[in-house]
Structure formats: structure tokens, C-alpha cells
Amino acid sequence: MKIDVLIAEIGSTTTVVNAFDHLESDNPVFLGQGQAPTSVKEGDVNIGLQAAIEDMKKNLHIENEKLEYTNMLATSSAAGGLRMTVHGLVYDMTVKAAKEAALGAGANIHLITAGKLSKVDMIKLDRIKPNIILIAGGVDYGERETALYNSELIAASDLNIPVIYAGNIAVADDVKLIFESYSKEKNLHIVPNVYPKIDILNIEPTREVIQDIFEKHITEAKGMEKIREMVNGPIIPTPGAVMKASKILKDEIGDLVTIDVGGATTDIHSVTEGTEKVNKILVEPEPVAKRTVEGDLGVFINKRNIVDIIKIEKLEKELNMTPEDIEKFTNSDIAIPQTEEHKKFIERLTKEAVIVSINRHAGGYRTYFGGKSDTLAFGKDLTAVKWIVGTGGALTRLTAREEILNSISQFNRADKLLPTAEAKILIDNDYIMASLGVLSSLNKEAAIKLLLKSLKFNEKTTGG
């Protein structure tokens, strides 16, 4: 059997493959999906990929046929995903801008520093061994010393890691000379300043370079070098792929927020300019496309954290369960619930993960009292969001997924900038949003059509 595109999503626990065909037609087709445990522990992620392909062939009833494809693409969060550290000048300015660029590209940030790097910071860097180091600092033609000092320390270290410089343009040539003097010019990538002027963010060039570097250096997970040989298209971080899909979808249907509740984390991707009313009183600039990742909110690996947030006594009453039942489900190593009781438990944890994470993602109002009272806005404004999109295992497979997402408006507060009750729910029913994000690099039109199909967008808008 010959198909157009095979896309692999290589996760930390599960590898999923999706098959797509007729991409050049008016009616591109999602053929089917297969999955298998990711085989990092076996020393070769290719084992899990091949098992996922065999599972997909079984689902497509072509077990005895040879599967061929014109293109193969991939996303990956295996081996801890894309590990980055971010180093800027002032936390609320250049550091924040650099952080937004890294998160939006799909990175997991392991260290953030403001000001000059200390000896302890360098020890931490050596232990983290990030995939990429991002240096920022200073508006264009502003403060120079910090960026130069940090560049010198990192260039002189034993770390042989790709470095992105996205700081004060006035010292970009000096930074280049520093890296050349240590024979590490190949490590350095210079991009436009992420914070060129006060209250101006310019993070998209840095995001693109982060994903380019990730693709070139994605051989850290054992066996990834074999997958790199199989793939003849892009490999990008899985969260970055979800962001890409969210951005092309926003251009098609309007402002949105995408929520992905996973086993270990909950990711929120919002793509919205916000409202004019809020922008007028916004204290600090926010990116149009923003991602936050809540590392303590997952419905498998981090179940205990969410149970502690809700409280066992409350779960007992809401779910009509005994403390022993709650402990049994909290300690369970079953990733996909099979019984109705277990499903209700996971649905309640998913609801809590959604409410807590979107409240952390969204900004709010603060009133300051001086000679007169002033109300100012801070953080991300989600009040213009028209669509709330659910993706990931929990929000595409649980029965109560729409009810869970609708609960966002029930917990809205006057001091928060959350989506309003008018925002409508869309579900990535085929669980292919990340795959379509990477597919958009190859065929944007087909990716949009397939995404609208998965979301059943026409049914939602026509009432069908």
C-alpha cells in the first residue's frame, strides 16, 4: 500500500503514527492511527516506532502488505523533549521575552537566569546539559555588558551546545568574535533581538531557529539517528507542532486557546491579540501566540499532585467514593482507565488540570490605590477567544471532554482575563493536531482541511 505521508509522534511514553493520503486533492484523507510504547528504555526508539506502524497496519487491515510512503515527518518529546536554558538581563523584560520564544517553540525550560551568570549557574548548566542555550539581554543599543559577560562564560565553558544569541543587536558582532576566539563559532546562531524596544516583543525569529536546531540535533534519544534517516521532512518538538497547528487554525476560524492535558503535564497554547480595552491598560506586552506548560498537572505521572490540590475529602463527596478507592486509582499504573469508576476519577482530575492551568495561563486585573485608584491589566488576555480546542489523550478520549472544557466559564472571575461563556468547544476527535502542525510545513492547505475535519468544525457552525 502506498500513501502520501506517514507522521510519527514520538512521545516520552507512547509513540503514535498517523497515515494521510490524497493530500493534493480537495478532500485529503486521514487513513488511520497506530500506537505502541516508546522504546527509550530498550535503547532504540525505532523499536517503538516499528511496533506503532504494525499496530496501524492492523487497524487498516493491511497486515500482510508492504507499507510505502512518499514522505515521512515526525514530532518528538522523547528523552525529555527539547531541554533549554534561558539567560537574559532583567526578568520582567528580556528574560520573559526569551522564555516566551523558547516555550512557543516547544521547549522545556530547565533554568532561567537574569543578570550575570554566577559560578553556581554554570554548575547547574553543566548538570542540565541542555539541547540549546538562549542568551538575551538589553534592548537594541542599550545595556551591553551582561550579554557579553554571559557569552564569554558560556563560550569558555566545556559545554559544546548550540547557543542562540537574541539580545542587543549592538553587540552581536562582539558575541560572534567571542565564540570564534574559543573555536565555537559553529555553536552560535545570531537572531534578531527578542526584546528590541521597551514593550516590544519579537520572538518568532528565535522560535524558528530553535526548531531548526532541534531538528538538526535530534539524535539524543537512542535510535533517533535511525528515525532521522527514515524521515525526509521536518522533525519538530511535539508542543511546537501543536502551536503551529493552533496558529494556522487561528488564521482560519479566529482567536482560540488549545488545551492539552497529558499524563505528566498540561499545556495551554493561546493565539489571540486580546481586546483593545485590555491592551490599553496592559502593564507588559504579551505574545500573540503564547504557550505555558504546567509540569505538576498530569493525569497519570502527576495524579497525586492533582489529588492533593482537590483534596481527598472533596473527591469522596463528588465521586461518591471511599478513601480506599481514591488511593487505589491514585496509585494505579493503568494509563488508560477501563472501568467507569476509574474513568470518572480521571475525568475529575482532568477538569481540575484544565481549570488550574488556564487560570495560571490567563492574566487578570489589579487595582492600585494612590491619589486615585487605577485598574491595570497584566498577563495574557483570553477574553477575545472564540474557540476552546481540546487535544491530547484525555481531552480527545474521555466521555465528559466537552463538559470539562465548558467548565472554564463556570469558574470565571471578574478579576481574571479568561474566555467568556460565548467561547465554543472544539475537540480534536482524531487526535492528530500535533501531526497536522508538522504537516503544515509540507502542505498547509491539506493540514487545515484535515484539522477542520477532526474538529468537526462544519457541524459545529451549522448545527449539524
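Two residues are in contact when they have heavy atoms within 4.5 Å of each other. Keep that in mind for the exercises below. The model is predicted, so local features need pLDDT of at least 70 and side-chain atom pairs count only at pLDDT 80 or more, while totals for chains, interfaces and linings use all residues. Residues are numbered from 1 along each chain as its sequence is written, and side-chain values use heavy atoms, with hydrogens and water left out.

**Exercise 1. Describe the surroundings of Arg304.**

Step 1: Find its place, which is in helix α10, residues 303-310. Helices here are DSSP runs of H or I with at least four residues, strands are runs of E with at least two, and both are numbered from the N terminus.

Step 2: List its contacts. Leaving aside residues up to four places away in sequence, Arg304 touches Glu327, Thr330 and Asn331.

Step 3: Is Arg304 buried, exposed or partly exposed? Buried means under 20% relative accessible area, exposed over 50%, and partly exposed in between, with a 1.4 Å probe and protein chains only. Arg304 has 31% relative accessibility, so it counts as partly exposed.

Step 4: Look along the chain. Leu349 is 45 residues from Arg304 in sequence, yet their C-alpha atoms are 9.7 Å apart.

**Exercise 2. Work out how the sheet with β7 is built, and what packs on it.**

Step 1: Trace the order. Five strands make an open, parallel sheet: β6-β5-β7-β8-β9. Strands pair if DSSP finds at least two bridges between them.

Step 2: Which strands stand at the edges? They are β6 (107-114) and β9 (188-190); each has a single partner strand, so one side of each lacks a neighbour in the sheet.

Step 3: Zoom in on one pair. Strands β7 (residues 132-135) and β8 (residues 163-165) are joined in the parallel sense by three bridges. Here Leu134 stands opposite Ile164 in β8.

Step 4: Add the helices. Helix α2 (residues 91-104) lies across β5 (82-88), β6 and β7, at about 165 degrees to β6. Helix α3 (residues 119-128) also packs on the sheet, touching β5, β6 and β7, and makes about 170 degrees with β6. These angles run from 0 to 180 degrees between N-to-C directions, using lines fitted to C-alpha atoms, for helices over the stretch in contact.

**Exercise 3. Step back to the whole chain.**

Step 1: Count the elements: 18 helices and 17 strands.

Step 2: Consider burial. Of the 464 residues, 53% count as buried.

Step 3: Weigh the contacts. Among those with a separation of 6 or more, 71% link residues 24 or more positions apart.
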